[in-house]
Amino acid sequence: MIDDIKIYDNFLKDDELSYIIQFLNTSKWGMQRSDTTNKSHGSFLKLKVVEEEYFNTYLLNRILDVIGSKYDLATAYFNGQWFGQDGNFHKDGVPLSCLIYINQYDSDWGGFTQFKKSEKEQFIVPPIQRRLVVFPGDITHKAYAYSRQTCPMRISLAYKLL
């Protein structure tokens with residue numbers, strides 16, 4: 001494992017997960033690319049929540065309490081990836097990034113996040129529901145969609161911190 005990556009399982013409480021799922025069920029998504037310079041990579045869904053108090057205050061403070069550090073919020077948004085909508089390797093360009101995995105997960109589905117500090121030092125994190133992953137924004141990483149057409153959309157909530 002890359003030492004800079006911290007994993008906190010069961011970060012989300014039942015009521016928080018319920019609130020988030022209800023929020024997602026009533027929201028409209030937009031499109032994004034993880035690398036706007038490479039047009040050969042497909043787009044995936046994005047839902048900005050940086051203006052939403054629940055996300056920019058309540059959940060942000062929960063993250064900061066868990067990691068024990070003080071950061072400012074640069075942005076927060078949901079990533080949504082259907083089958084075939086893998087991301088590409090990129091860096092976030094902020095001091096600290098956080099991902100919270102939202103939907104159910106089965107180990108047969110894939111959908112992991114791959115981190116790469118070098119060709120020899122790589123690590124994958126399965127997107128287990130309720131899991132918080134915290135990592136320096138300069139670590140190269142990539143999100144993979146679930147591997148089957150019958151799988152649900154893979155959803156993560158991303159926080160970029162300054």
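**Exercise 1. State what share of the chain is buried, and assess its overall dimensions.**

Solution. Buried residues account for 49% of the 162 residues in the chain. The model is a predicted one. Next, take the extent: along the principal axes, the C-alpha atoms fill a box of roughly 35 × 35 × 30 Å. Then compare the radius of gyration with the globule rule. For 162 residues, a compact globule would have a value near 15 Å, and the chain has 15 Å, so the two agree.

**Exercise 2. List the secondary structure elements in order and state how far apart in sequence the contacts reach.**

Solution. Count first: the chain has two helices and ten strands. Read from the N terminus, the order is β-α-β-β-α-β-β-β-β-β-β-β. Now turn to contacts with a separation of 6 or more: 82% of them join residues 24 or more positions apart.

**Exercise 3. Describe how helix α1 packs against helix α2.**

Solution. Begin with the geometry. Helix α1 covers residues 14-25 and helix α2 residues 53-67; their axes lie 13 Å apart, at an angle of about 155°. Angles over 145 degrees count as roughly antiparallel, and α1 and α2 are therefore roughly antiparallel to each other. The crossing of α1 past α2 is left-handed.

Next, identify the residues. From α1 come E16, Y19, I20 and F23, which meet Y54, F55, Y58, L59 and R62 of α2. Sorted by class, the residues of this contact comprise seven nonpolar, no polar and two charged.

Notes: Residues numbered from 1 in each chain as written. Predicted model: local features only at pLDDT ≥ 70, side-chain atom pairs only at ≥ 80, totals over all residues. Heavy atoms only, no water. Axes fitted to C-alpha atoms, helices over the stretch in contact; angles between N-to-C directions. Helix = DSSP H or I, 4+ residues; strand = E, 2+ residues; numbered from the N terminus. Parallel < 35°, antiparallel > 145°, perpendicular 65-115°, else oblique. Left-handed = near helix turned anticlockwise from the far one by under 90°. Contact = heavy atoms within 4.5 Å. Nonpolar A, V, L, I, M, F, W, Y, C, P; charged D, E, K, R; others polar. Rg over C-alpha atoms; globule rule 2.2 N^0.38 Å. Buried < 20%, exposed > 50% of the residue type's maximum accessible area, 1.4 Å probe, protein only.
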